[in-house]
Amino acid sequence: MKKVVIVCGLIAGLICTAWMLISIMKMYEMTGDFENGMLYGFASMILAFSLIFVGIKVFRDKYNQGQVTFGKAFLIGLYISLIASSMYVIAWMIDFHYFIPDFMDKYTAHELAKMKTDGASVADIAKKAKDMAEMAENYKNPIVRILYTYMEILPVGILISLISAVILKKKANVNPKIL
């Protein structure tokens with residue numbers, strides 16, 4: 001199980017981390033446009049976390065005689081999710097700290113400009129500006145930033161772990177004795 005979890009976790013982590021770094025570079029540094037960033041981010045997470053399904057299936061079929069319980073399958077998925085999510089969080093912390101420390105300022109400006117373009121009221125824009133300022137202040141704390149980043153990716157991995165465990169669980173074939 002350990003080998004499957006580590007290999008699949010590292011590959012999933014590389015996929016979502018590379019995609020995040022490339023998309024941040026494109027959105028932040030090249031175009032300044034944050035549109036569709038969330039869509040691309042979650043699409044890459046789903047792609048990366050497809051390795052959860054692969055990992056559970058490989059473990060079940062290759063190492064566990066074609067059987068796996070829901071609990072064991074979910075645990076494999078959870079471990080893969082934790083490895084990939086931790087890689088993502090570490091990459092984001094490094095990228096944010098060294099390369100884009102003004103990310104929250106630019107993101108806030110983008111969101112407020114979008115609201116103005118969409119015709120939001122002055123009161124709604126002011127409320128959003130206040131909320132974004134509070135978030136930016138909280139984001140200065142590295143622990144909060146780590147937690148926010150885990151909240152961004154880990155629930156996706158947990159959901160895919162649950163779905164994969166339900167689909168792939170397979171108990172041993174039992175031949176009941178006829179009395």
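**Aromatic rings, a pocket and salt bridges**

Let me begin with two residues of helix 3, W92 and F96, which are four residues apart and are therefore separated by about one helical turn. Before going on, I should say that this is a predicted model, and that every value I mention is computed from it.

A word on how such rings are compared: a pair of aromatic rings is described by the distance of the centres and the angle of the planes. When the whole structure is searched, six aromatic pairs are found. One of them is made by F70 and F74, whose ring centres are 6.3 Å apart and whose planes stand at 10 degrees, so this pair is stacked. F70 and F74 also belong to helix 3, which covers residues 70–98, and being four residues apart there they are separated by about one helical turn. As for its surroundings, F70 has a relative accessible area of 35% and is partly exposed.

Coming back to W92 and F96, their ring centres are 5.8 Å apart and their planes are at 45 degrees, so here the pair is tilted. Are W92 and F96 buried or exposed? Both W92 and F96 turn out to be buried. They are also part of a wider group, since W92 and F96 form one aromatic cluster together with F103, Y107, Y139 and Y148. One member of that cluster, Y139, has a further partner: the charged end of R145 sits over the ring of Y139, at 5.8 Å from its centre.

Two names from the cluster bring us to the pocket. The largest pocket has a volume of about 700 Å³. Which residues lie nearest its centre? The lining is made up of 26 residues, and those nearest the centre are G37, M38, F103, Y107 and E152. If you would like to follow the lining on the structure, the elements that give two or more residues to it are helix 1 (2–31), helix 2 (37–63), helix 3, helix 4 (103–117), helix 5 (122–139) and helix 6 (142–168). Sorted by kind, the lining residues divide into 15 nonpolar, seven polar and four charged.

I will finish with the charged side chains, for which the count comes to five salt bridges. In helix 5, the side chains of D131 and K127 meet in a salt bridge, with 3.1 Å from N to O, and because these two are four residues apart in that helix, they are separated by about one helical turn. D131 counts as partly exposed at 35% relative accessibility, whereas K127, with a relative accessible area of 51%, is exposed.

Helix 5 offers another example, in which the side chains of K130 and E134 meet in a salt bridge at 3.7 Å, again from N to O. K130 and E134 are likewise four residues apart in helix 5, and so about one helical turn separates them. Here K130 is exposed, with a relative accessible area of 55%, while E134 is partly exposed, at 43%.

There is also a salt bridge between E137 and K140, whose closest N and O atoms are 3.3 Å apart, and K140 counts as exposed at 58% relative accessibility. Finally, K57, R60 and D61 are linked to one another in a network of salt bridges.

Key
Residues are numbered from 1 along each chain as its sequence is written. This is a predicted model: local features need pLDDT of at least 70, side-chain atom pairs count only at pLDDT 80 or more; totals for chains, interfaces and linings use all residues. Side-chain values use heavy atoms; hydrogens and water are left out. Rings of Phe, Tyr and Trp (its six-membered ring) pair if their centres lie within 6.5 Å; planes under 30 degrees apart count as stacked, over 60 as edge-to-face and the rest as tilted. Buried means under 20% relative accessible area, exposed over 50%, partly exposed in between (1.4 Å probe, protein chains only). A charge sits over a ring if NZ of Lys or CZ of Arg is within 6 Å of the ring centre and within 35 degrees of the ring normal. On a 1 Å grid over the protein atoms alone, a cavity is a set of points where a 1.4 Å probe fits but cannot get out, and a pocket is an open set with protein on both sides within 12 Å along at least five of seven lines; lining residues have an atom within 4 Å of a point. Grid points are joined across faces, edges and corners, and a volume is the space filled by probe spheres set on the points. Ala, Val, Leu, Ile, Met, Phe, Trp, Tyr, Cys and Pro count as nonpolar, Asp, Glu, Lys and Arg as charged, and the others, Gly among them, as polar. A salt bridge is a side-chain nitrogen of Lys or Arg within 4 Å of a carboxyl oxygen of Asp or Glu.
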